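User: Could you take a close look at one polar side chain in this model and then work outwards to the parts around it? I would enjoy a connected account with the values kept in.

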Amino acid sequence: MFQCPAGTKKAQFPGDGQNLVTEDVTVVEGDVATISCRVKNSDDSVIQLLNPNRQTIYFRDFRPLKDSRFQLVNFSNSELRVSLTNVSISDEGRYFCQLYTDPPQEIYTTITVLVPPRNLVIDIQKEIAVEGEEIELNCTAMASRPATTIRWFKGNKELTGKSEVEQWSDMYTVTSQLVLKVGREDDGVPVICLVDHPAVKDLQTQRYLEVMYKPQVRVSQNYPVQGLTREGEPLELTCAAFGKPQPTDMRWLRVDDEMPQHVVVSGSNLLISNLNKTDNGTYRCEASNAVGKSHADYMLFVYDPPTTIPPPTTTTTTTTTIPTTITDSRAGEEGAIRSVDHAVVGGVVAVVVFAMLCLLIILGRYFARHKGTYFTHEAKGADDAADADTAIINAEGGQNNSEEKKEYFI
C-alpha cells in the first residue's frame, strides 16, 4: 500500500475555539486510502464525511452510502477515520469533513490516484548490428499517471534519449528514442530502459546488443623466443585471429615478393627451418569473416651468425659487450674458451714465480757457504802457533802469501 499525506489542513472559526484538521492523500491505484477528520477542543459535536458529490459517506459511525469499500477505522468525539479500499481513478477528488456546530465548520481533503506504467517494452531497429553502424532503440511506458520519465543506460553509463508524451483520457504513454553507434566492445553489453515514476520503484527492462565485427589479427614469434633471427637458425611464427563470426579463412603471404619455397605453412603457423638473407622481408597473416578482412604484418631481418672470439695472445684484454636482449648458444662456448685461456696464463705465471723463488734460495745458500770459507783461510797458521808471537808471525806470513789465495766475490 502506498499512501502519502500531501499536507495538513486546518479549518478554524473564531469564537468557538474548535477547529478541524485533515491531510491530502496520494495513493497508488488498487491500494487503500485513509481519510481522517480530526477535531481539536471537541465539544461532542457531530462529525460527518462527504464524497466529491457531497453524498454522506459516514455520519458519526453510521454509513448511509452503500459503497462497501468505505470502512470505519476509528470513531470518537475527536476523530472520524475511514478507509477506502481498491482505489481507482474515479475515486479522485475532494472529500469533505463537516462539524455540526453553530455556525457549521467544513474542510476538504484531496485524494490523488497514481497509476504505474502498464507495460515497459524496448524495440530495437536491428537485432544484429555491424560494427560502426547506428541503431535505433525505442522504449515505451504505457498508460501511466502522471507521465513517466525514461532514462537510458548502456552498461553503467547513462545515455540521453529523446522522449515524446501522448495523453489518452487521464492516462499518459511515453516513448523514448535512443540512437546508438555500436562497436565491437558493445557486443553482449545490456542497454537498459529505466522508469522514474512516483508509483513504482526499480521498474526497468533491457536488451543485450549483438554486434558483428571483422577479425582482429595478431602475429607472435614462437622461436626464437627472444633475441635476433640469425642466419642458419629456425624461425616459427603463429597467427591468431578473433572476430564475430569467428574467422573461417586464414592465410600467409609475403608482401611485395613471392613466398620462399622452403617456407612451410601449416594452418596458422609459418616455419622456416634454415634462415638466410634472402628470407628478409615482410610476412603477412590475413583473416576474414562475413563482415570483412584484416591482417597483421611481421618484418623479418636475418642477422649474420655469431663468430667465435680467438684466445688472447697478449696481456691486452678485449671486452666484447653483447646486448642483453640477444640470446645466443655460442656465447657460452666463447666464454668457456676465454675462461680456459685465463687459467693457462695463470698456471704459467705461478710456475715462473715458483722457479724464481727456488733460484733465490739456492743463491742465498751459496753466498753463505763461500763467506764462511774466506774467514777460515784468514785464520790458517794462527791455529798451529805455540804462542801469540808465533801466531802473529804466522798470520803476517799468511798475509804475505795472500797473492796465492783466490777470493771470489759475487
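Analyst: The side chain of Gln48 makes a polar contact with the side chain of Thr56 at 3.5 Å, and another with the side chain of Gln98 at 2.5 Å. Please keep in mind that this is a predicted model, so read both distances as computed from predicted coordinates. Gln48 sits in strand S4, which covers residues 46-50. With a relative accessibility of 4%, Gln48 counts as buried because the cut-off for that class is under 20%.

Now for its surroundings. Setting aside neighbours within four places in sequence, Gln48 is in contact with Thr56, Tyr58, Phe59, Leu80, Phe96, Cys97, Gln98 and Tyr100. Two of these names, Thr56 and Gln98, are the polar partners already described. Another, Cys97, leads to a disulfide, and Leu80 leads to a nonpolar core, so let us follow both, starting with the core.

The largest nonpolar core has 26 residues. Those with the most contacts inside this core are Leu49, Ile57, Phe70, Leu80, Tyr95 and Ile111. Several strands each supply at least two of its residues: S2 (19-28), S3, S4, S5 (56-59), S7 (79-84), S8 and S9 (105-114). Strand S3 gives the most, with 4 residues. Strand S4, where Gln48 has its place, is thus also a supplier of this core.

Leu49 is a good residue to look at within the core. Not counting residues up to four places away in sequence, Leu49 touches Ile35, Cys37, Gln55, Thr56, Ile57, Tyr58, Leu80, Val82, Tyr95, Phe96 and Cys97. Among the residues that Gln48 contacts are Thr56, Tyr58, Leu80, Phe96 and Cys97, and these names appear in the list for Leu49 too. Apart from this core lies another, of 20 residues, among them Ile122, Ala129, Ile135 and Leu209.

Back to Cys97, then. Cys37 and Cys97 form a disulfide with their sulfur atoms 1.8 Å apart. This pair links distant parts of the chain, with Cys37 in strand S3 (residues 33-40) and Cys97 in strand S8 (residues 93-100), 60 residues apart. The link is left-handed, with -65 degrees about the S-S bond. Both Cys37 and Cys97 are buried. Leu49 touches both of these cysteines, while the contacts of Gln48 include Cys97.

The structure holds 3 disulfides, and the others are worth a visit. Cys139 is joined to Cys193 by a disulfide, S to S 1.8 Å. Here too the pair links distant parts of the chain: Cys139 lies in strand S12 (residues 134-144) and Cys193 in strand S17 (residues 190-197), 54 residues apart. The angle about the S-S bond is -80 degrees, and the link is left-handed. Cys139 counts as buried because its relative accessibility is 0%, and Cys193 counts as buried at 0% as well.

Cys239 and Cys285 form a disulfide with sulfur atoms 1.9 Å apart. Cys239 lies in strand S20 (residues 235-244) and Cys285 in strand S24 (residues 281-288), so this pair ties together parts that are 46 residues apart in sequence. The torsion about their S-S bond is about -85 degrees, so this disulfide is left-handed. Cys239 is buried at 4% relative accessibility, and Cys285 is buried with a relative accessible area of 0%. Counting bonded cysteines along the chain, the disulfides follow the pattern 1-2, 3-4, 5-6. For contrast, Cys358 counts as partly exposed, at 32% relative accessibility.

Strand S20, home of Cys239, also belongs to an open sheet of 5 strands. The order in that sheet is S11-S19-S20-S23-S22, with mixed pairing. S11 (129-130) and S22 (264-266) stand at the edges with a single partner strand each, so one side of each has no neighbour in the sheet. S11 and S19 (residues 211-223) run parallel and are joined by 2 bridges. In S19, Met212 is the bridge partner of Val130.

Finally, the wider setting. The protein has 2 helices and 25 strands, and buried residues make up 33% of its 410 residues. Of the contacts with a separation of 6 or more, 61% come from residues 24 or more positions apart. The accessible surface comes to about 25,400 Å², with 53% of it belonging to carbon and sulfur atoms.

Methods
Residues are numbered from 1 along each chain as its sequence is written. This is a predicted model: local features need pLDDT of at least 70, side-chain atom pairs count only at pLDDT 80 or more; totals for chains, interfaces and linings use all residues. Side-chain values use heavy atoms; hydrogens and water are left out. A disulfide is a pair of cysteine sulfur atoms within 2.5 Å. Buried means under 20% relative accessible area, exposed over 50%, partly exposed in between (1.4 Å probe, protein chains only). Two strands pair if DSSP finds at least two bridges between them. Contact means heavy atoms within 4.5 Å. Accessible areas come from the Shrake-Rupley method with a 1.4 Å probe; for residues, only the protein chains shown count as cover. A polar contact is a pair of N or O atoms within 3.5 Å; within protein, one must be able to donate a hydrogen and the other to accept it, and residues adjacent in sequence count only if both atoms are side-chain atoms. A nonpolar core is a set of buried Ala, Val, Leu, Ile, Met, Phe, Trp, Tyr and Cys residues joined through side-chain atoms within 4.5 Å.
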